[in-house]
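Colleague: Hi! Could you walk me through this model while I have it open?
Modeller: Happy to, just pull it up and ask away.

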Amino acid sequence: MTEQSSHPAPLRRFHGVAGGSRRRRPTLAAAGLIAASAMVLAACGSPDSGGSGSGSDADSKAPLTIGVSLPLTGDFSQPGGEAKRGYEVWADMVNADGGVLGRQVKLKIVDDASNQDTVVSDYTKLITQDKVDLVLGTFSSLLNFPASAVAEKNGYVFVEPAGGAPDMFSRGFQYLFFAQPATAPHQADVFVDYIKSLPEADRPKTAAYPTQDDPFTRPVIESMQQQLEALGVKTVYSSVYPADTTNFQTIANTLKNKKPDLIAQGAVFEDGVGLVRSLKQLGYSPKALFQTSAPSNAAQYSDGVGAANTEGVFYTVSWNEQATTPLNSEFVAAYGKAYDGALPAEDAADAFAAAQVLQAAAEKVGSVDQDKIKDYLHGNEVETILGPLSWNDKGEPQGDFILAQWQSGKVQVVGPADAATSDTIVYPKPDWQ
């Protein structure tokens, strides 16, 4: 069951300025961090000693209400919509199997419009007025940063499906858990390992690193740049562009002139599609293209750049539809049944996994007691469709991403070897079609 409401709030974003290869990443932008903290303090008031869902009510037959705020409109509406689908598929599957703690799950989903002020108001209302039993996280570090502070202040466990920026985990929070295999600075490690595995003569000699000013994409690209420079790959271009950039002709033209062997872009979605289109228009195709989140958006990405132009594109990913993890095939089938045969996007799978984490903990402790759930997750591994997840005392996951590549119109896992679905790696990338 799902309830929805919308908020026509204006979009507030952290913007950066393009700069050189050694620009320091702001810690979610100082002014924005202070503003977000002020929002939370104003909205929440004094801390609670525990969430309203802290009692043991496993015998109750009332619906178990889980509150979620998602960006269903605004800049993050595409991944936000996929996260909504993932949560809803999970709820449908769980309810068909008897619910959680013997109670049918009721999702109360509201729209934060990709807006930090709104997401704070949403979670404050869900917790303090609607008194939901549990909450689940929203999309992106930008929104989860203030949202998780609301949950922490009210003593609610906050399992987030997307939001691996380092600053998420620097605040000493106890109720925060990131439901992906690893945080942003480690997302590129598996791609760097692939480059290291190549004979030195075959490795890219030069690289360019354009990235959106986003608290998740920047650490991924900056970590990759540092590691590849240490490997001897020369940086010929590095820039940070504002999150609302829509015209990529200038960046693409600069890349054409610099002629890097590798382009590694910190792209959320539309910016990844936009850069590919601009590079194609200018006739420049690098030997290798890596993008962060954009290629994981399944058919939307393929439709955006053209199916033939996906060939050889690398990205790192938390999940693959061919994985043999428990319940994965059932999730893929249920998603396809609900959405006209479509394959799930990664954001849908991550949301499903976040809900699995919360479900597993609640069922293990036998209640919706927030402190018991928190303590269980700090001390135990949870099996999900992404694989087993575990966390350190900051809520940071302790696993590894997988390396994926578009091949012949489909996504294949190409690393690590024990997870690979294809023995072939397309390198160099073919020219645009």
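Colleague: Is Ser408 buried or exposed?
Modeller: Ser408 counts as exposed, because its relative accessibility is 68% and exposed means over 50% relative accessible area, with buried under 20% and partly exposed in between, using a 1.4 Å probe on protein chains only. Before we go on, this is a predicted model, where local features need pLDDT of at least 70, side-chain atom pairs count only at pLDDT 80 or more, and totals for chains, interfaces and linings use all residues. Residues are numbered from 1 along each chain as its sequence is written, and side-chain values use heavy atoms, with hydrogens and water left out.

Colleague: Thanks! Where does Ser408 sit?
Modeller: Ser408 is in the loop between strand 14 and strand 15. Helices (H or I, at least four residues) and strands (E, at least two) are DSSP runs, numbered from the N terminus. Strands 14 and 15 form a hairpin with two residues between them, and Ser408 has a positive phi of about 50 degrees although it is not a glycine.

Colleague: What's the usual sign of phi?
Modeller: Most residues other than glycine have a negative phi. Lys259 is another residue with a positive value, near 55 degrees. Lys259 lies in the loop between helix 7 (249-258) and strand 9 (262-265), and it is exposed, with a relative accessible area of 54%.

Colleague: Back to the hairpin, how many bridges join strand 14 to strand 15?
Modeller: Five bridges join strand 14 (residues 402-407) to strand 15, and the two run antiparallel. Strands pair if DSSP finds at least two bridges between them. Leu403 stands opposite Gly415 of strand 15. Strand 15 is mostly covered, with five of its six residues buried.

Colleague: Which peptide bonds are cis?
Modeller: One joins Gly415 and Pro416, with omega about -5 degrees. Another runs from Tyr427 to Pro428, with omega near 0 degrees. Pro416 lies in the segment after strand 15, and Pro428 is in that segment too.

Colleague: Switching to rings, how many aromatic pairs are there?
Modeller: The count comes to 15 aromatic pairs. Rings of Phe, Tyr and Trp (its six-membered ring) pair if their centres lie within 6.5 Å; planes under 30 degrees apart count as stacked, over 60 as edge-to-face and the rest as tilted. The centres of Phe177 and Trp391 are 5.7 Å apart and their planes are at 80 degrees, so that pair is edge-to-face.

Colleague: Which parts does the Phe177 and Trp391 pair tie together?
Modeller: Phe177 is in strand 6 (residues 176-178) and Trp391 is in the loop between strand 13 and strand 14, so the pair ties together parts that are 214 residues apart in sequence. Phe177 and Trp391 are both buried. There is also a tilted pair, Tyr301 and Trp406, at 6.2 Å centre to centre with 35 degrees between the planes. Tyr301 belongs to helix 9 and Trp406 to strand 14, so this pair ties together parts 105 residues apart in sequence.

Colleague: And which residues do ring pairs link into a cluster?
Modeller: Phe191, Tyr194, Phe290, Phe314 and Tyr427.

Colleague: Nice. What's the volume of the second largest pocket?
Modeller: About 350 Å³. A pocket is an open set of points on a 1 Å grid over the protein atoms alone, where a 1.4 Å probe fits, with protein on both sides within 12 Å along at least five of seven lines; lining residues have an atom within 4 Å of a point. Grid points are joined across faces, edges and corners, and a volume is the space filled by probe spheres set on the points.

Colleague: What lines the second largest pocket?
Modeller: It has 24 lining residues, with Ala298, Ala299, Leu343, Pro344 and Trp406 nearest its centre. Helix 9 gives the largest share, four residues.

Colleague: And how much space lies in the largest pocket?
Modeller: About 440 Å³. The largest pocket is lined by 23 residues, and Thr325, Leu386, Gly387, Ile402 and Ala419 lie nearest its centre. Strand 13 (residues 387-389) supplies the largest share of that lining, three residues.
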